[in-house]
2 protein chains.
Amino acid sequence: MKLGLDISGGDFAPRANVLGAILALEQLPEDVELVLIGREDEIMPILKEKGVVSERISVVNAPDIITMEDHPTRAIPQKPNSSISVGFELLAHKKIDSFASTGNTGAMLVGSIYKVNAIPGVIRPCITSVLPIVGGKNSIILDVGANADCKPDVLYQFASLGSLYAKNVMNIENPRVGLLNIGEEEGKGNLLTQSAFKLMKDSDDFNFIGNIEGRDLFNGKADVVVCDGFTGNIVLKQAEGIYSIAKDLGIKDSYFERFNYENYGGTPILGVNSDVIIGHGISNDIAVKNMMCLAYDVASSELTKKIKEAFT
Amino acid sequence: MKLGLDISGGDFAPRANVLGAILALEQLPEDVELVLIGREDEIMPILKEKGVVSERISVVNAPDIITMEDHPTRAIPQKPNSSISVGFELLAHKKIDSFASTGNTGAMLVGSIYKVNAIPGVIRPCITSVLPIVGGKNSIILDVGANADCKPDVLYQFASLGSLYAKNVMNIENPRVGLLNIGEEEGKGNLLTQSAFKLMKDSDDFNFIGNIEGRDLFNGKADVVVCDGFTGNIVLKQAEGIYSIAKDLGIKDSYFERFNYENYGGTPILGVNSDVIIGHGISNDIAVKNMMCLAYDVASSELTKKIKEAFT
């Protein structure tokens with residue numbers, strides 16, 4: 001298995017990314033190879049400094065960089081020699097099994113949709129985030145930002161995609177899917193959630209448990225929380241904001257520490273033909289290591305194959 | 001000034017409500033009278049038990065109760081002798097200057113719109129919630145649930161209403177109004193926030209500072225945060241959920257304690273012709289006392305008059 005990693009993306013590139021790759025190499029099974037995509041003349045000295053000589057690490061030179069300022073839809077055609085563009089070329093030609101980046105999220109989404117394409121039947125690919133649950137488990141929420149405006153059938157598909165992810169990657173048996181809403185009863189909500197509820201309530205594709213409210217996000221009432229990308233992004237960033245305040249206030253608590261993005265490293269883009277993982281722009285080496293471990297988990301679970309089977 | 005209070009609403013009625021009224025009486029100026037609306041035969045024994053004999057407290061008998069199970073739009077006509085129906089009758093006939101309840105929020109909204117009516121020019125009345133800011137100040141967010149689906153011009157009006165509230169009741173000079181969105185730059189967001197931004201950016205009606213993100217909700221970047229009622233309700237309940245978890249985990253921190261609803265007691269319904277205050281259903285006596293203090297602050301600020309002037 002070959003996992004590709006963008007070395008030029010994120011705030012602490014290239015160093016944190018290379019160090020994260022080295023850490024991941026130690027943790028991942030022997031048959032996993034890492035393909036580092038970025039500026040060879042920057043990557044090699046770091047590998048040398050760390051004394052890393054391994055047949056399991058290779059480097060593909062990509063001298064250009066898509067920055068956070070580049071326009072998502074234009075960046076890939078404008079910068080064909082960037083690490084993100086080269087990564088998607090390798091992925092599209094199956095030279096790597098997975099591509100992970102902490103760089104420009106918009107460009108990663110665009111690359112996913114235009115270079116590896118949505119799985120036939122999937123209306124809108126989406127991204128998830130982990131919700132740490134009191135007691136130790138995790139739930140997921142999706143979409144968290146890829147699709148600001150959604151139709152009810154798109155939410156229905158998010159429920160399918162999230163359920164497949166929870167089952168195959170998180171090993172949750174028969175994941176409970178909740179629709180994020182204002183009020184628990186059927187009929188509550190805005191026009192979108194009212195319609196989505198009707199579509200979801202008799203579903204055979206996933207285990208729908210009904211509406212859940214904002215207060216239930218972290219209590220484990222649902223394993224998979226479905227919402228439009230606008231709402232999901234607000235939820236995610238609100239949680240990040242509260243975590244950041246708790247940290248600034250010196251609150252030390254093992255539960256709150258689980259809001260630290262470092263623990264998760266990244267999230268797959270669900271619903272595209274190959275494995276694409278995106279990480280937080282502020283990722284340090286630990287976060288990059290965890291992103292590569294997630295990339296391995298996703299690849300070895302054959303999630304993408306299972307999504308294709310479910311949507312045909 | 002006469003402030004009406006529903007004694008039959010909320011989970012701990014009638015006792016917590018009567019006790020809250022007694023506490024409020026001690027705190028409010030001498031010229032403030034409280035009108036307790038509910039079952040006289042339940043109210044009088046509690047007043048007697050507490051030895052409260054005051055010309056500043058009167059009781060209006062309302063034997064019936066609108067419960068949380070009653071349908072919001074049907075409850076008021078179906079139960080004319082309920083405390084909420086009687087309260088709105090008193091308010092509509094100016095027998096009281098303000099009406100506060102911890103009962104069925106939907107019925108309170110319906111009563112506000114159909115018994116005292118929206119202020120001419122206000123498309124959709126709305127409700128706010130306090131956002132505790134690190135360092136001691138508070139911001140507000142609106143709408144938090146009265147309007148699940150909003151058009152851009154409705155968000156524009158929320159900005160005006162919130163700005164007037166922040167200025168007149170919270171005494172914030174030239175309140176900074178932010179639009180809750182995913183991304184800071186103009187052009188980010190869903191169709192609603194993209195359009196609302198265009199309406200708001202050149203406004204002379206309030207001090208628009210642009211988009212703010214979920215992570216900025218509690219850092220005081222904006223004094224007034226504007227969003228549709230679906231998003232606002234999710235934000236509010238997510239904060240409640242995290243507060244509840246922090247409490248369960250035994251985290252003691254003066255900042256997190258400010259998420260306790262007791263401190264605020266309630267919120268006015270903004271944009272109707274008379275002062276209506278709604279409180280949390282789980283209000284105890286402290287929360288009811290604070291709701292009545294808020295009712296006093298809103299009434300003495302002449303907020304409703306100022307909103308009418310702004311919208312004519």
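Me: What counts as a polar contact across the interface of chain B and chain A, and how many residue pairs are there?
Reply: There are eight such pairs between the two chains, both residues at pLDDT 80 or more. They earn the name because each is a pair of N or O atoms within 3.5 Å; within protein, one must be able to donate a hydrogen and the other to accept it, and residues adjacent in sequence count only if both atoms are side-chain atoms. Keep in mind that this is a predicted model, where local features need pLDDT of at least 70 and side-chain atom pairs 80 or more, while totals for chains, interfaces and linings use all residues. Residues are numbered from 1 along each chain as its sequence is written, chains are lettered from A and ligands numbered from 1 in the order written, and side-chain values use heavy atoms, leaving out hydrogens and water.

Me: Why is the meeting of A:K237 and B:E213 called a salt bridge?
Reply: Their side chains come to 2.4 Å, N to O. That fits, because the term asks for a side-chain nitrogen of Lys or Arg within 4 Å of a carboxyl oxygen of Asp or Glu. The two chains have four salt bridges between them.

Me: Which elements of chain B each supply at least two residues of the side that touches chain A?
Reply: These are α7 (191-200), α8 (229-248) and α9 (254-257) of chain B. The numbering from the N terminus follows DSSP runs: helices are H or I, at least four residues, and strands are E, at least two. The largest share, 14 residues, comes from α8(B).

Me: What makes a residue part of the contact between chain B and chain A, and how many are there?
Reply: Contact means heavy atoms within 4.5 Å, and each chain gives 35 residues, 35 from chain B and 35 from chain A.

Me: What area do chain B and chain A bury between them?
Reply: About 3,200 Å², with 73% of it on carbon and sulfur atoms. In chain B, the biggest losers of area to chain A are B:I182, B:F230 and B:Q238, together 21% of what that side buries. Buried area here is the accessible area (1.4 Å probe) that two parts lose on being put together, summed over both.

Me: Why is the relation of the two chains that of a two-fold axis?
Reply: Chain B lands on chain A after a rotation of 180° with 0.0 Å of shift along the axis, RMSD 0.0 Å. That is exactly what a two-fold axis does. The fit is by least squares on C-alpha atoms of residues with pLDDT of at least 70 in both copies. One surface serves both copies, with 100% of the contact residues of chain B recurring in chain A.

Me: What domains does the assignment give for chain A?
Reply: Domain 1 is 1-122 + 271-312, and domain 2 is 123-262, with bounds from an automatic or database assignment. Their centres, taken over C-alpha atoms, are 25 Å apart. The contact takes 24 residues from domain 1 of chain A and 15 residues from domain 2 of chain A. Between these domains there are zero salt bridges.

Me: What makes the bond from A:L142 to A:D143 cis?
Reply: Its omega is near 0°. A:D143 sits in the loop between β6 (138-142) and α6 (152-168) of chain A. Another cis bond joins B:A13 and B:P14, with omega about 0°. Most peptide bonds are trans, and most residues other than glycine have a negative phi.

Me: What is phi of B:N171?
Reply: Near 55°, a positive value in a residue other than glycine. B:N171 lies in the loop between α6 (152-168) and β7 (176-180) of chain B.
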